[in-house]
Structures are given as C-alpha cells and as structure tokens.
Amino acid sequence: MAMRLDENNLSLPDLYTKLTASGLVTRLLELARDEDLGTGGHVGDLTCQVMMEPTQTTKALLRARADLVVAGLAVVPEAVKILAPGVVCDFKAKDGDHVHKGDTLIALSGSSHEVLTLERTILNTIGRLSGIATRTRTFLERISAEAGADCNAKLLDTRKTTPGLRVLEKYAVRCGGGFCHRLGLHDAVLVKDNHLAGLSPPEVAERVRVAIARAEELRSQGKEIKFFEVEVDDLEQFRALLTLEKGGIDFVLLDNMGPEKLKEAVKMRDAAGSHILLEASGGVNLDTIGGIARSGVDRISVGGLTHQAVNIDVGLDSA
C-alpha cells in the first residue's frame, strides 16, 4: 500500500502552513483572546484601561530565560493580528534554533496597551512549544550518544497531545528534530490491540487482510490514507502478518517489546524479504531509548515528547 503525502518532508515554514490550514490555530488564538479579554475581546484589559494613556507606546524584548530549542515563533504573526494588530515584531531567532539563556527571540514595539494584551498568550505558547522542542532534541541527542550518529531510527510523536494543541505540539516536535506520526484518526490507518482483541495470530492476519482491502476501497473513493500500520503485542502476531501479500502494510508497531525482542523482529522481517518498516513504542524514555535504537528498528514513537514536556520560561522585558 503506497504511502501518500508525508508532512515530514516539508520545511518547517511549509509544515506550519500545512498544519494550520484547517483553521485550528486561529480558533485556538480566538479562544485565548476570549479567555483574557472577554468574548470577542470586547471587554479588553481593564488594568491597562485604568493605568495607561491610549497614546502610550513601548518597546520590549521577548527573551529566553533558559537554554532552549525555539518553537512557536510561527504562531506570533497571527496572534498579533487577533490580539494586537498595531504591534510590530522583529524576529531575532527562528523556530528550530538552539538559543541560550538571555538571548532575544523577538523585539516588539507599539502601543503599550496592545503589547501587554499580547504578552501572556505568546509567552504561554512559546514556552509550551519550546519545552516540547527542547525535550525532543534531548531524546535525539541520547540516541546519537548511545546508538551512534549513524543510527537511522526516526523519533516520532504520538496522539498523546493536549486537546486543542495537537497541530502546534506536533509542529514543536519537528522544531526539535523529531517527526510527525499521524495527525489524527482521520489521516491514516493504525490497527491497534483494541481492534484485534481476542483474536489468534492467524485471525489477526485475516482481519488485517480484509482491512487492507477496505482501505484500498476507501482510497478509490477519494479518501486520503497516508499509511496503513498494525500494532502487535507479540512476535507470533508479527509472524502471521509477514504471511500477507507484500505492500499492504507500511509499518508494524511493536508494542512494549524490549531490545532483544525488537532485534528478533528485525531479523524476522529481513528473513522474509519484507519492506515493512518497524516501529517501537511503549516504555520509551531517556533511559531505554538507546537500547531500543540499537535494536535496528526504523522508527521509535514516544508519547512523552509531548505529555511529559515541561514549559520553558521565556519572558518579556522592557527594551
């Protein structure tokens, strides 16, 4: 089953454009506006209204308060449009850059009222996404250190993302050097254990064979299916999948298997002459990822890139 468009082949700017084309980020920023300024922004910042003159202007610098990998700057232009259309931003860094504590990411100028209205939304966004990008980069550095710089295993995210923030959090993983898995239930097939509960290995293979045919039928009707993947819990299930006609399955996810079982799966795949790419997932952390990467799998998906990431402090200071 030939895979379709892969967002991982896009540059960061093109990826951001693709991920935000749905309007999800616009809706998110409008929600952020409504949270802070009242529905539709009609109430506004009461403190600024009583403390500042409408003509008052300011210059400010958005700075890193820790070493970090930058993510989220791409969101700022639309945040400005929605929250503070008179503010001018001069970007001093770009998404994906590694910067040091004290480095300036953006120089802002404009109405003091608008700069302060914009402040918290962009700090929250950049801090959250830079935390994910920095954690992703840490995982990649551990792979390189423990499995060698020539290790070809790709590091991927999962759907374990904050509701409403998925496209941005997946973008942040790419900023850190990782790769996007499926964006949601709508763009790829991933047959998981709950779809196959109670089936024997031969029954698993037959159920997957039927599912492959149905996926091809959906494609013939114009539905985009980027890839077809199957999760297995043990090597007997994997052995059964290897009996299916080649080309139907793109990836097999090897769930919660240690390095030795992963190595055995790689041997089985190679002995069968299969082109299926193998993905390890489950129990992956900084202590285990080196051994998993050395096993020879092609992909490693880590939910903790997003759901265990910690916001990194960034701040806005007067220039």
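# Helix packing and two open sheets in a predicted model

In this predicted model, buried residues account for 48% of the 319 residues in the chain.

Reader: How many helices and strands are there in the chain, and what does the C-alpha trace span along its principal axes?
Author: The chain holds 11 helices and 12 strands. Along the principal axes, the C-alpha trace of the chain spans about 75 × 45 × 30 Å.

Reader: Among contacts between residues at least 6 apart in sequence, what percentage joins residues at least 24 apart?
Author: The set considered here is the contacts in the chain between residues at least 6 apart in sequence. Within that set, the part that joins residues at least 24 apart is 74%.

Reader: Are helices α1 and α6 roughly parallel or roughly antiparallel?
Author: Helix α1, residues 12-20, packs with helix α6, residues 166-175, at an angle of about 170°, and their axes are 10 Å apart. Angles over 145 degrees count as roughly antiparallel, and α1 is therefore, relative to α6, roughly antiparallel.

Reader: Which residues make the contact of α1 with α6, and how do they divide into nonpolar, polar and charged?
Author: On the α1 side the contact is made by Leu12, Leu15, Tyr16 and Leu19, while α6 contributes Val167, Leu168, Tyr171, Arg174 and Cys175. Arg counts as charged, and the residues of this contact divide into eight nonpolar, no polar and one charged.

Reader: How are α4 and α5 oriented to each other, and what is the handedness of the crossing?
Author: The axes of helix α4 (residues 76-83) and helix α5 (residues 112-147) come within 10 Å and cross at roughly 155°. Since angles over 145 degrees count as roughly antiparallel, α4 and α5 are roughly antiparallel to each other. The crossing in which α4 passes α5 is right-handed.

Reader: Which residues of α4 and α5 meet, and how many of them are nonpolar, polar and charged?
Author: From α4, Val76, Ala79, Val80 and Leu83 meet Thr117, Leu118, Thr121, Ile122 and Ile126 of α5. Thr counts among the polar residues, and the classes in this contact come to seven nonpolar, two polar and no charged.

Reader: Which strands stand at the edges of the open sheet of six strands?
Author: The six strands are ordered β6-β11-β10-β9-β8-β7 with parallel pairing, and the twist averages 25° from one strand to the next. Each edge strand has a single partner, so one side of each is left without a neighbour in the sheet; these strands are β6 (154-156) and β7 (189-191).

Reader: What is the bridge partner of Val230 in β9?
Author: Strand β8, residues 228-232, pairs with strand β9, residues 251-255, in the parallel sense over four bridges. The partner of Val230 in β9 is Val252.

Reader: Is Ser200 buried, partly exposed or exposed?
Author: Ser200 is found in the loop between β7 and α7 (201-220). Buried means under 20% relative accessible area and exposed over 50%, so at 28% relative accessibility Ser200 counts as partly exposed.

Reader: In the open sheet of four strands, which residue of β5 stands opposite Val88?
Author: The four strands have the order β3-β5-β1-β12 with antiparallel pairing, and β3 (88-91) and β12 (314-318) stand at the edges. Over four bridges, β3 and strand β5 (residues 104-111) pair in the antiparallel sense. Opposite Val88 in β5 stands Ser109.

Reader: Which strands does α5 touch as it packs on the sheet of four strands?
Author: The direction of α5 makes about 155° with that of β5. Packed on the sheet, α5 touches β1 (57-64), β5 and β12.

Technical notes. Residues numbered from 1 in each chain as written. Predicted model: local features only at pLDDT ≥ 70, side-chain atom pairs only at ≥ 80, totals over all residues. Heavy atoms only, no water. Axes fitted to C-alpha atoms, helices over the stretch in contact; angles between N-to-C directions. Helix = DSSP H or I, 4+ residues; strand = E, 2+ residues; numbered from the N terminus. Parallel < 35°, antiparallel > 145°, perpendicular 65-115°, else oblique. Contact = heavy atoms within 4.5 Å. Pairing = 2+ DSSP bridges. Buried < 20%, exposed > 50% of the residue type's maximum accessible area, 1.4 Å probe, protein only. Left-handed = near helix turned anticlockwise from the far one by under 90°.
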